[in-house]
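Me: I would like to learn how to read the features of a model, one at a time. Please give the general idea and then the case at hand.

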Amino acid sequence: MKKIFDPFTDTPKPTHEWRVKEKKDQLNIINMFIIDNKYDSLEAIDIKESGEVLIRLNKYLPASSRGDYLLNFEKELKKIINPGLYVMIEPMGDKNSLRKFRGIQINKGYEE
Amino acid sequence: MEVKGIDTNEGKLVLDDHKLSYHYDRLEAWENGERIAPISVDMSLTRACGAMCSFCYAMMQESQARSSIKIDHALQLVDDFAEIGIKSVSLVSDGESTLSKAYIPFIIRAKENGLDVANATNAWEWGPEKVDQVLPHLTWVRFTVAAGRPESYAKIMYKGPEYTDVFDKAIKNISYAVALKKRLNLNVTLGIQMVLTPDLIDEIIPFAQLGLDLGVDYAVIKHCSDDEDGSLGIDYEAYEPSFDLIKKAESMSNDKTKIIAKWNKILDGNKTSYKRFYGPQFLLQISGSGLVAPQGVFFNAKHSKLHIGNYTEERFLDIFKSERYWRAMNYLASSDFDARTMMGSLPISHYVSVALDNHVKGINRIEQGKGKKPLHHNFL
């Protein structure tokens with residue numbers, strides 16, 4: 001079966017109704033969604049205008065399951081809250097002791 | 001369209017283009033919706049490294065956890081590569097593989113399994129005892145040489161300009177490899193690589209001269225990748241003042257040593273032309289932490305939704321056959337993903353991804369390669 005490619009479609013952006021909400025309200029909606037849907041490993045800590053939802057992992061998820069778990073979460077978030085939302089996790093800095101001397105900070109895309 | 005490369009005494013050397021034309025059967029299988037094995041895997045056997053290069057993308061590739069990669073893990077991995085039809089493996093990725101105990105056994109087993117093997121290294125811990133054992137099995141070795149002058153090299157790659165002993169050690173080991181290649185008439189390509197950041201313009205000519213002095217096969221000048229949030233602070237607009245010097249460096253090429261710039265990547269900068277990211281299905285990356293993710297730009301915990309598994313916890317064969325492997329790959333090929341804003345710039349499969357995007361858009365269809373294959377054709 002020939003594969004269907006989709007090279008031209010724009011990735012959905014958050015709708016106007018979502019963008020006009022205050023950030024604290026957006027966060028509240030997502031964190032309520034997390035509780036209601038029992039994604040108890042997750043906590044939304046920031047949201048960007050692009051639709052990026054920054055998530056803190058409150059427990060370790062093994063590599064074999066974290067992808068599916070988070071993609072499932074994102075899929076439901078898009079379907080139920082807003083199609084323009086997508087998930088990113090709190091980034092991790094380099095653990096290499098020598099390279100750390102360079103002082104590079106991973107830009108987190110949000111204000112601490 | 002013919003693949004772009006540089007003619008050398010040993011064949012056409014392609015550093016600034018893709019080689020998908022020489023894997024047309026797999027390209028057709030992909031278009032037909034088959035679950036294809038990657039042609040090439042780029043990986044590391046450790047996240048550790050003794051250097052501290054200012055341009056190092058590995059600083060942005062920390063995952064949730066690091067696993068210690070034992071020799072058995074590495075050998076099983078390369079057995080699985082062979083079983084599913086992967087054709088080559090390069091030890092580059094996010095760590096200095098020469099530091100791993102698995103380094104020599106891995107290379108030997110990969111070659112026994114019929115894979116082409118390659119390595120990028122700073123050569124600091126790559127003395128004759130290691131070189132003698134691995135060089136006959138390697139298709140190419142690329143040495144990270146940040147600058148041609150000892151003080152600059154030490155400043156960029158280590159603690160400061162006074163630590164020139166690291167430069168001396170690297171040059172000694174590279175020279176040994178060049179001599180061994182010549183003595184044994186080995187079919188291996190040896191090159192040095194400078195990762196150019198806009199502030200290093202004065203290092204371009206000394207770097208090219210060092211390549212000529214060492215007698216390596218090539219000296220390549222490449223762009224610096226950055227993550228989607230610009231953590232390294234690379235200003236891609238600031239490369240332009242270096243263009244004349246890069247061209248001057250290229251003109252220094254001689255019969256033995258070619259000075260090459262990766263113009264396509266330098267000019268593309270962070271202006272990604274593709275929205276969908278098809279390249280990882282052909283050129284997969286694996287972290288020195290054991291993490292399997294479609295590409296190195298997704299190793300960081302930030303991109304956990306694209307983490308597929310860890311080959312120290314389960315066989316790679318099972319990871320490759322899992323639904324989660326294809327879910328991650330298909331996600332990148334879907335409209336949920338925008339490569340222009342959701343990942344770092346210039347990933348390892350950039351050339352492949354540009355070509356596949358142009359292919360499916362009908363802008364420039366990839367044609368089957370004809371005639372003599374270029375050097376290293378199994379490395380995309």
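Me: How many residues does each chain bring to the contact between chain A and chain B?

Reply: This is a predicted model, and the values below are computed from it. A contact is counted where heavy atoms lie within 4.5 Å. By that count, 46 residues of chain A and 63 residues of chain B take part. The two chains bury about 4,700 Å² between them, and 54% of this area is on carbon and sulfur atoms.

Me: How many salt bridges are there between chain A and chain B?

Reply: A salt bridge needs a side-chain nitrogen of Lys or Arg within 4 Å of a carboxyl oxygen of Asp or Glu. Four such pairs link chain A and chain B, while a search of the whole structure gives 24 over all chains. One pair is Lys275(B) with Asp10(A), whose closest N and O atoms are 2.7 Å apart. Lys275(B) sits in the loop between α9 (263-268) and β10 of chain B, and Asp10(A) in the segment before α1 (16-19) of chain A, so this pair joins two chains.

Me: Is Lys275(B) buried or exposed?

Reply: The cut-off for buried is under 20% relative accessible area, and for exposed over 50%. Lys275(B) has 13% relative accessibility and therefore counts as buried. For Lys24(A) the value is 55%, so Lys24(A) counts as exposed. Lys24(A) has a salt bridge with Glu22(A), with the closest N and O atoms 4.0 Å apart.

Me: Which residue of chain B does Asp68(A) meet in a salt bridge?

Reply: Its partner is Arg327(B), at 2.9 Å from N to O. Asp68(A) belongs to helix α3 of chain A and Arg327(B) to helix α11 of chain B, so here too the pair joins two chains. Both residues fall in the partly exposed class: Asp68(A) has a relative accessible area of 28%, and Arg327(B) one of 24%. Elsewhere, salt bridges with shared partners tie Glu10(B), Lys181(B), Asp217(B) and Lys256(B) into one network.

Me: Why is helix α11 of chain B described as largely enclosed?

Reply: The test is how many of a helix's residues are buried. Helix α11 of chain B covers residues 323-332, and seven of these ten residues are buried, so the rest of the structure largely encloses this helix. The buried ones are Arg324(B), Tyr325(B), Trp326(B), Ala328(B), Met329(B), Tyr331(B) and Leu332(B). Their cover includes α3 (63-81) of chain A, along with β10 (283-286), β12 (309-310) and α10 (316-321) of chain B.

Me: How many residues of helix α1 of chain B are buried?

Reply: Six of the eight residues in this helix (residues 24-31) are buried, and the helix is mostly covered. They are Tyr24(B), Arg26(B), Leu27(B), Ala29(B), Trp30(B) and Glu31(B). An α-helix has 3.6 residues a turn, so residues three or four places apart point the same way. The buried residues of α1(B) pack against α12 (350-361) of chain B. Just past α1(B), Gly33(B) has a positive phi of about 85°.

Me: In what order do the strands of the open sheet in chain B run?

Reply: A sheet is read strand by strand across its pairings. In chain B, ten strands form an open sheet with mixed pairing, in the order β9-β8-β7-β6-β5-β4-β3-β10-β11-β12. The edges are β9 and β12, each of which pairs on one side only. Within the sheet, β3 (residues 40-43) and β4 (residues 88-91) of chain B run parallel and are joined by four bridges. Met43(B) has Leu91(B) as its bridge partner in β4(B).

Me: Which residues of strand β9 of chain B are buried on each side?

Reply: Lys258(B) and Ile260(B) are buried on one side, Ile259(B) and Ala261(B) on the other, so both faces of the strand (residues 258-261) are covered. Strand β8 (residues 218-222) of chain B runs parallel to β9(B), with four bridges between them. One of the residues paired there is Val220(B), whose partner in β9(B) is Ile260(B). Together with helix α8 (residues 243-251) of chain B, β8(B) and β9(B) make a right-handed β-α-β unit.

Me: How many helices and strands does chain A have?

Reply: Chain A has three helices and three strands, in the order α-α-β-β-α-β from the N terminus. Buried residues make up 43% of its 112 residues.

Terms used. Residues numbered from 1 in each chain as written. Chains lettered and ligands numbered in written order. Predicted model: local features only at pLDDT ≥ 70, side-chain atom pairs only at ≥ 80, totals over all residues. Heavy atoms only, no water. Buried < 20%, exposed > 50% of the residue type's maximum accessible area, 1.4 Å probe, protein only. Pairing = 2+ DSSP bridges. Right-handed = clockwise from strand over helix to strand, strands pointing away. Buried area = accessible area lost by both parts, 1.4 Å probe.
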